[in-house]
Every structure is written in C-alpha cells, then in structure tokens.
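Colleague: I would like to learn how a metal site and a few backbone angles should be read in a model such as this one. Could you take me through them in turn?

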Amino acid sequence: MRIISVDERTIPLGSKTKNAAISFQAMTASAVVIEIETSRGRFKGLGFSSYGRYGHGGLLRERFIPRLTNITDKISGETSVQLMAQVWDVLMTDEKEGGHGERSGAVGVLETALWDALAKSEDLPLWALLERDAGHSDDSQLPPGKTAIYASGGHYRSSSSDAAELADEAKRGLEAGYGWFKLKVGGASQFIDLSRIESAVKAAGDSSLIAVDANCAYGGENGTAQLIELDQIGLRWIEEPVNPLDYPGLADCCQSLKTPIATGENIFSQADSKNLLHYGELRPGLDNLQMDFVLAYGLTEYLRIIKDAEAFGWSRRDFLPHAGHQVALHAAAGLGLGGHETAVVPGGPFSSVSDDTTVENGIANLGDTPGTGIENKPTLFKLFANLL
Ligand code: MG
C-alpha cells in the first residue's frame, strides 16, 4: 500500500443540545480523506472525528498528516491488522508515552479513514475484513454482519415540555427497531431527572429498556445519594457516574450499586484502559466498556485494548463503543462486540445508520457495500463535499 494524498477539513457540528457537563453548540469535528494505492488500484478512505471532543485540524496538519505523506516505501503486511500496525508505528514516530489528550483523536480519525480505504481495496465491507483478519468473537450471540443496536438521545433542551418530548423520543427509537434507549441525567435537579426517567420508562414499558448517561455528574457525597436512588429503578445501565479517571470513585459505585455501570468513552489509550480495568473494580459480564476507538488511536489500539480485557476475564460482548460512528457499527458487527450506539436526533452525522443497514428487533443487519459505508449515510457524507 502507498499513501497518495491526505486532506482534512474542520466541520462545525452546531447542535442545540446539552448534557450534564457541556453544550454542543460550538462543537467541531475533523473530516479526512486519504487516497491509497494497492495492487488493485487507487481507493479513497473517509474518516470522521468522534463526537464531543472537537476537530483536530492543527495536530493533523502539523504532525500526523506529514508523517503519512512522507512515507516513501510501500507498506505491506500479511493481513490488514499487520499492515495497519506498521502505519500506526509511523503515525506515533517521536511521540512520548502517556499524555493521550488530543493526539489520540487525530491518530484515530486518520487510522479509521485508512481502514475504510483498505476495506474498499479488498472489495469488502469493513465488518467482513475485520472478521477475516481480526476474528469474530467465539461467544457472540449473533453472526458476523449483525450487531445489537440501541438508540441514544434524551439530551437536555430548554423546552418546558422536556419530559414529554423525551417520552416521544424514547418511543420513536424503540418503534424504529432499536433495542433500548439512553437518556442524559445529572444536568438538572434530581426531581426533574427522576421525572424524565419516569416518562421514558413509561414510554418504553420496561425499565430495563432505559439506560442513563450521567456524563460524570455524580462525584462526591451528594452524587452517591442520587446514584442510590437511580439504582432502585432497574435501569439497563448507569453511564459515566463519575470522572473517567476517578478509579476509587468508580470502584465505590461498583461496590454499592447493583445496576450495571457503563464507562470508558473518555479512556483514550491501551495504558489508560489497563488502569481502568485494574483499579475501577468493574464487573466482567455485568458492566459495559465503551472505549471510543476514533478518539483512542484507532482500531489498531482498540484490538490491543480488547486483548488486554479478554486476559482480565472480559468478553467482547462487554464492549459497546461510544458515539455512533459507521466505523464502530462495522467493528461491532465484524468483531462480535456487545452492540452499537446510534443517535436518534435526526439529521446529524452520528444519527441513525447507513442506508444499506436495516434495523429490526434490536438488531442491525449490515450490507455488503465495501468500506465503512459513509457514502451510504447522506447526513454524514454531505460533510465531505469539499474534500471529494
Ligand atoms: Mg456517554
């Protein structure tokens, strides 16, 4: 494989929604297009940043794109996994250990664009390339090409009828075939949050079909009391109850709550993931790991994170990547992960799934279009207009 060209743009995402910690009004993302050449011809791979961490234009232009375009030799490997491990080493040239803040997202967006190009060069959807070269889970309940899928939304809005809107959103998501619904908590008083949850549970008809995402709002003593109240409801999970690096706080949650915990979307490296699994006291088979590989150095690093977790007694079924990328949908279906998150707010780049994917009874059935399918997702593909 040779790298022919790499282009990037910063895309404003401007959304009026909020969670417990931030507004998404000023949020941006990076869109990248990488053209590669293999023995089968030239192929363009598309990559898009994850949600919630801003674009990476400066880092891409100053460090990471030049490293790719300066490669003069052909890059080869017996499998796509081996080949991408070599690319990863080039991207990380002269980068010290630790300090995974923003660069891990810059590497992630480039790395996942390359996976899209590689899958196209093999004339395979990414899920099939990953199944072939990285292997599908032995204990997955679904065959390759399918994955569980859930609807994510329930952000705070300024509307006075927030709880009623939320109930509609939950109902629409479940009626559209998503397996369960997730809403935001921790950004209002406990009274308001409990009424929002109650509306969603009523709309779903079963509390186990409702998960909540606290975006780290429940640190401290007051938070513990609020979590104990949430624990009585029988929710599917409580997500990010405390700061992602507060391992003692997370350990307290795991010891005191019977509700499954979900966390990991703000863990950006293999080393941080190991610390989380060592010190967070998370419970394999019950809790959920949501590392977002587009923010965390890409699929190459993600495969290392999964391998470590399996050595700690976790299953791939415990992994449900954050955010709703097309590339995460393919990873879930190709590696046999626990499922895929997708936004139900219509019209955004992380909303829904590509047109060649059907969603029914909580399962996404992926198509055979080569690559990650960004071209089949109009709300995302239109953001590449100035790059292609
Ligand atoms: Mg979250």
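Modeller: We will go through the metal site and then two backbone angles, bearing in mind that this is a predicted model.

Colleague: Which residues coordinate the magnesium ion, and at what distances?

Modeller: One begins with the donor atoms, which are N, O and S atoms within 2.8 Å of the metal. Here the magnesium ion is coordinated through OD of Asp-213 and through OE of both Glu-239 and Glu-265, at 2.0 to 2.2 Å. Since water is not among the atoms, the site may look incomplete.

Colleague: How are the donor residues spaced in sequence?

Modeller: Their spacing follows the pattern D-x25-E-x25-E. The pair Asp-213 and Glu-265 links distant parts of the chain, 52 residues apart, with Asp-213 in strand 6 (residues 210-213) and Glu-265 in the loop between strand 8 (261-263) and helix 9 (270-279).

Colleague: Is Asp-213 buried or exposed, and what of Glu-265?

Modeller: Asp-213 is buried, and Glu-265 is buried as well.

Colleague: Turning to the backbone, what is phi of Cys-216, and where does this residue lie?

Modeller: Phi of Cys-216 is near 70 degrees, which is a positive value in a residue other than glycine, and Cys-216 sits in the loop between strand 6 and helix 7 (220-231). Because its relative accessibility is 26%, and buried would require under 20% while exposed would require over 50%, Cys-216 counts as partly exposed.

Colleague: What is the phi of Ser-352, and where is it placed?

Modeller: Ser-352, although not a glycine, has a positive phi of about 55 degrees, and its place is in the loop between strand 10 (340-343) and strand 11 (358-360). With a relative accessible area of 32%, Ser-352 is partly exposed.

Notes. Residues are numbered from 1 along each chain as its sequence is written. This is a predicted model: local features need pLDDT of at least 70, side-chain atom pairs count only at pLDDT 80 or more; totals for chains, interfaces and linings use all residues. Side-chain values use heavy atoms; hydrogens and water are left out. Donors are N, O and S atoms within 2.8 Å of the metal (3.2 Å for Na, K and Ca); water is not among the atoms, so sites may look incomplete. Helices (H or I, at least four residues) and strands (E, at least two) are DSSP runs, numbered from the N terminus. Buried means under 20% relative accessible area, exposed over 50%, partly exposed in between (1.4 Å probe, protein chains only).
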